[in-house]
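Got your viewer open? Let's take a walk through this one, chain by chain.

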Amino acid sequence: MSVWAWFLSLMTPAVTFAATPEAPLPLLLDPLPDRLLFLVILWVFIIALVIVLRWKVSLADALFRMMPLNQRGSRKKVKVGESNRDSIPGPPGRD
Amino acid sequence: MTRLRAWLGARIDLERIEAYMRSKTVPHHRHSYLYYSGGVLLFLLAIQVITGTLLLAHYRPGEDSAFESIVHLVSKVPMGVYIRSVHSWGANLMVFFLFFHLFSILLYQGYRQPRELTWIGGFLLLILTLAFGFSGYLLPWNQLALTATKVGTDAPRALGPLGLWFSLLLRGGEDITGVTLSRFFALHVWGLPLLFFPLLGLHLFLIQLQGVAVPPGIERKEEYSELPFFPNFLYRDLSLWLVVFGLVVSLAVLFPWPVGEKADFLAPTPEHIKPEWYFLFLFQPLKLFPGNILGVSGETVAMILIILVGLAAFLYPLIDRGAHQGKTPFWLRLLPYLAIIYFCAMTLWGFLS
C-alpha cells in the first residue's frame, strides 16, 4: 500500500456497478492491527522529526542571541502610528 | 548547485530575495503561539488541494455516477478510502483552525489600523471556505448530503424574492437535481478556487507588507522582540505542521469518512438531520426563533439578523476605529468574548441536541 499504488490506480478504468443500498458498503480498509501499526510508525517518525526540529530551533535561537545587537537591528517592523523603525530589544529567554 | 544558482542569479535578483528573507521577522512574546494558526491553515489548504486533485481522478459528477464513483473509490481503488477521508477530515480541521485564527485576531485586535484590509480579505476567505464545505458536502450524492443541501438552499428563501432567486440559482431549478450537483461541482473545483486563490494571495501580500500585529498591551509596554522568520519561526511552523499532518492521517485511518446511502428523492428525511458542525452556530438560532414575530416570519427575522451580524463582523475594523490608539469602548472590548461564547455554546448545543 503506497502512494504509488494510488498513481497506478489512475490507469485502471473506472468501473460502474450498481450499489445495493441494503447491503453494507464495502470500504477497502486494511485490518485494524495493520492500521494501528501504520499509525505507530507514523507517529514515531513524526516525533523523531519534531525532536530534530526542536534541536534546530534551539540552535537557531542561540545563534540569534549571540548575534551583536547592531546586526539584529537591521530587522524592521511596522508599528502603528510610526513608519518602520529599527527594532529590537533582545529576545526573551523562552520559546 | 553553484552553477544552477549562478544561472538563476543571472535571471532573477536572488540577492534581493535572500535579503528579504533574512530581514523578515515575527514578533516574539508570550502570545506568539497564536501566530501559528495562519501557517497551519496554509498547510491544511495544501493537503486539500493535493487530495482534492487525487479525488478528481476518480470522481465523476452526475446523478447516476457521483455516488457510484465514490463507492468505486472506497471499495476498489487502493488508498481511495484514506485519500477521501484525509480530504474530509482536512476540511473540518481547516474550518476549525480558521475560526481559531479569526477569534485570536479578534481578541488581540490584529485588525486595527493599518491592517483593516487584511481582516476584510481574511473574512471573505472564511466565507469562501464555508462555501467550499457546503458545496463539497453534496458531491458524494448520498441521502444525508441531499437533505442537508435541501435545508441549506431553502434557508435563503426566507429573504423574499432576492433569496428565492439565489436559491433557484444554486439549485438550477425548484428542486435539487443532477443540475444542482453539476453546479456545486463546478463551484467546488473551479468557481470558488478562482475567487479564493487571488484573495489568498492578496491576504498574504498584505501580511508580508505590514507584518503581523502585536497585541496592544504587549506593544505598548514593548514586551516583545523580533524573531527571524528564516529559520527560527519556520522550524517551529514545520514542527506544528508535522503534528497536524499526523492528526489528519490518524483521524482518516481510525475514522474513515462514511459513504452513506445513495440520494433518493422519495426517501423520507433522515431523523435528527443537522448541518456540519461549522454551520450549527447559524442553524441553531433558527430553531430558537418563534414562528412569527410582529407579523413577520421568525425565520426571516433570524436570517436578516444573521446577515447584519455577518456584515458587522466583516466591517469590524471600521466599527472599532479607535483600536490603534487604544481607545476601544468597553462594550466593543467585550464583544469578541461574547462572540466566542456564542459560537462555542451554539455549536455544542446544536451538536448534542
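A quick bit of vocabulary before we start: helices here are DSSP runs of H or I at least four residues long, numbered from the N terminus. With that in hand, you can find Trp165(B) in helix α8 of chain B, which covers residues 161–171. Keep in mind that this is a predicted model.

Stay with Trp165(B) for a moment. There are 13 C-beta neighbours inside 10 Å of it, so Trp165(B) counts as partly exposed; the buried label would take 20 or more. If you pick its C-alpha atom and that of Thr180(B), 15 residues apart along the chain, you'll get a separation of 14 Å.

Now try another pair. Leu139(B) sits in the loop that links α6 to α7 (143–154) in chain B. It has 20 C-beta neighbours inside 10 Å and therefore counts as buried. Its partner here is His188(B): the two residues are 49 apart along the chain, yet their C-alpha atoms are separated by 9.0 Å.

Next, a helix pair. In chain B, α3 (residues 36–56) packs with α5 (residues 80–107) at an angle of about 155°, and their axes lie 9 Å apart. Anything over 145 degrees counts as roughly antiparallel, so that is how α3(B) and α5(B) run relative to each other. The way α3(B) passes α5(B) is a left-handed crossing. What kinds of residues make up the contact of α3(B) with α5(B)? They split into 15 nonpolar, nine polar and one charged.

The loops on either side of α5 hold some backbone details. In the loop between α4 (66–76) and α5 of chain B you'll find Met79(B), a non-glycine residue with a positive phi of about 70°. Because Met79(B) has 19 C-beta neighbours inside 10 Å, it counts as partly exposed. Over in the loop between α5 and α6 of chain B is Gln109(B), also not a glycine, with a positive phi of about 50°. Is Gln109(B) buried or exposed? With 25 C-beta neighbours inside 10 Å, it counts as buried. The loop between α5 and α6 (116–138) of chain B is home to Pro114(B) as well, and the peptide bond leading into that proline from Gln113(B) is cis, with omega near 15°.

There's a cis peptide bond between Phe230(B) and Pro231(B) too, with omega at about 0°. Pro231(B) belongs to helix α11 of chain B, so let's look at that helix. It runs over residues 229–254, and its 26 residues should span 38 Å at 1.5 Å a residue; the end C-alpha atoms are 35 Å apart, which agrees. Where does α11(B) bend? At Tyr235(B), by about 25°. As for burial, the buried residues of α11(B) include Asn232(B), Phe233(B), Arg236(B) and Asp237(B), and further along Val244(B), Val248(B) and Val249(B). When you look at that list, recall that an α-helix has 3.6 residues a turn, so residues three or four places apart point the same way.

Finally, chain A. Its secondary structure amounts to three helices and two strands, arranged along the sequence as α-α-α-β-β. Of its 95 residues, 4% are buried.

Terms used
Residues are numbered from 1 along each chain as its sequence is written. Chains are lettered from A and ligands numbered from 1 in the order in which they are written. This is a predicted model: local features need pLDDT of at least 70, side-chain atom pairs count only at pLDDT 80 or more; totals for chains, interfaces and linings use all residues. Axes are lines fitted to C-alpha atoms, for helices over the stretch in contact, and angles run from 0 to 180 degrees between N-to-C directions. Angles under 35 degrees count as roughly parallel, over 145 as roughly antiparallel, 65 to 115 as roughly perpendicular and the rest as oblique. A crossing is left-handed if the near helix is turned anticlockwise from the far one by less than a right angle, and right-handed if clockwise. Ala, Val, Leu, Ile, Met, Phe, Trp, Tyr, Cys and Pro count as nonpolar, Asp, Glu, Lys and Arg as charged, and the others, Gly among them, as polar. The expected span of a helix is 1.5 Å times one less than its number of residues. The bend at a residue is the angle between axes fitted to the seven residues ending there and the seven starting there. A residue is buried if 20 or more other C-beta atoms lie within 10 Å of its own, exposed if 12 or fewer, and partly exposed in between; C-beta atoms are placed from the backbone.
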